[in-house]
Amino acid sequence: MRTFSLLKGLPVYELASGQKLGEVCDVSISGNGSVVGLLVKKGAFIKKTFQVKVDQVSSFGEDGVMVEDKSALERLETEPEYTFEHNEGLAGRKLLSKEGEQLGLLEDVYFMEELGTIVGYELTDGFFSDIANGKRVIKTSGPPAIGKDAIVVTVKSR
């Protein structure tokens, strides 16, 4: 299991040559709440954004993401359905349970790397609350309902 915050900024390497292809800058999330791919920035001065689909990733390491070859990088022709941080991303949106309880604001996502399935959300109630009580992680089942104003999830009972 991995969080987006651990992936952000990691270099993406080609296994065949060891060449650095770019750095992870965001994740592409589908409407059914699964991570479809990694958004990768590439270039020195003028950075272009590419996508690497989750099934094209050979491995997720602590110090880098490995792909077979540079053909795994696809030009980003259209904007992803949802992202975590860019273009009105999901970060900072309200998370509500199906019962109507406000759970907090979305801070990070936990997902299974191989499948791209989001299995949990890290929530914040604000800076001072995080210092006093810490951040909370909730585990969910089933896909979320992602809306303009909030994300509605089914919370797993413990």
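Hi everyone, let me start with one pairing: Ser-97 has Val-153 in strand E14 as its bridge partner. Before going on, a word on what we are looking at. This is a predicted model, where local features need pLDDT of at least 70 and side-chain atom pairs count only at pLDDT 80 or more, while totals for chains, interfaces and linings use all residues. Residues are numbered from 1 along each chain as its sequence is written, and side-chain values use heavy atoms, with hydrogens and water left out.

Back to E14, then. Strand E14 covers residues 150–155 and runs parallel to strand E10, residues 94–97, with 4 bridges between them. Two strands count as a pair if DSSP finds at least two bridges between them. Helices (H or I, at least four residues) and strands (E, at least two) are DSSP runs, numbered from the N terminus.

Which strand pairs with E14 in the antiparallel sense? That is strand E13, residues 136–146, over 4 bridges. Ala-145, for example, has Val-152 in E14 as its bridge partner. A hairpin of 3 residues makes the link from E13 to E14. As a general reminder, side chains in a regular strand alternate between the two faces of the sheet.

Now let's step back to the whole chain. You can find 2 helices and 14 strands in the protein chain. Its C-alpha atoms fill a box of roughly 50 × 30 × 30 Å along the principal axes. The radius of gyration is 16 Å, which agrees with the value near 15 Å for a compact globule of 158 residues. That radius is taken over C-alpha atoms, and the globule rule is 2.2 Å times the number of residues to the power 0.38.

How much of the protein chain is buried? Buried residues make up 42% of the 158. Buried here means under 20% relative accessible area, exposed means over 50%, and partly exposed is in between, with a 1.4 Å probe and protein chains only. Among contacts with a separation of 6 or more, 43% come from residues 24 or more positions apart; contact means heavy atoms within 4.5 Å.

For charges, the chain has 19 positive and 24 negative side chains, and the centres of the two sets lie 3 Å apart. Lys and Arg count as positive, Asp and Glu as negative, with His and the chain ends not counted. The place of a charge is NZ of Lys, CZ of Arg, CG of Asp or CD of Glu.

Let me finish with three residues. Is Phe-111 buried or exposed? Phe-111 is buried, because its relative accessible area is 0%. It sits in strand E11, residues 102–111. Leaving aside neighbours within four places in sequence, the contacts of Phe-111 include Met-1, Phe-4, Val-35 and Ile-118. Ser-34 is 77 residues away from Phe-111 along the chain, yet their C-alpha atoms are separated by 8.1 Å.

Next, Gly-31 is in the loop between strands E3 (20–29) and E4 (35–42). Gly-31 is partly exposed, since its relative accessible area is 28%. Beyond neighbours within four places in sequence, Gly-31 is in contact with Glu-81, Tyr-82, Pro-144 and Ile-146. Pro-144 is 113 residues from Gly-31 in sequence and 8.3 Å away in space, C-alpha to C-alpha.

Last, Ser-59 lies in strand E6, residues 57–60. Ser-59 is partly exposed at 34% relative accessible area. Outside the neighbours within four places in sequence, Ser-59 is in contact with Gly-64, Val-65 and Met-66. Thanks for listening!
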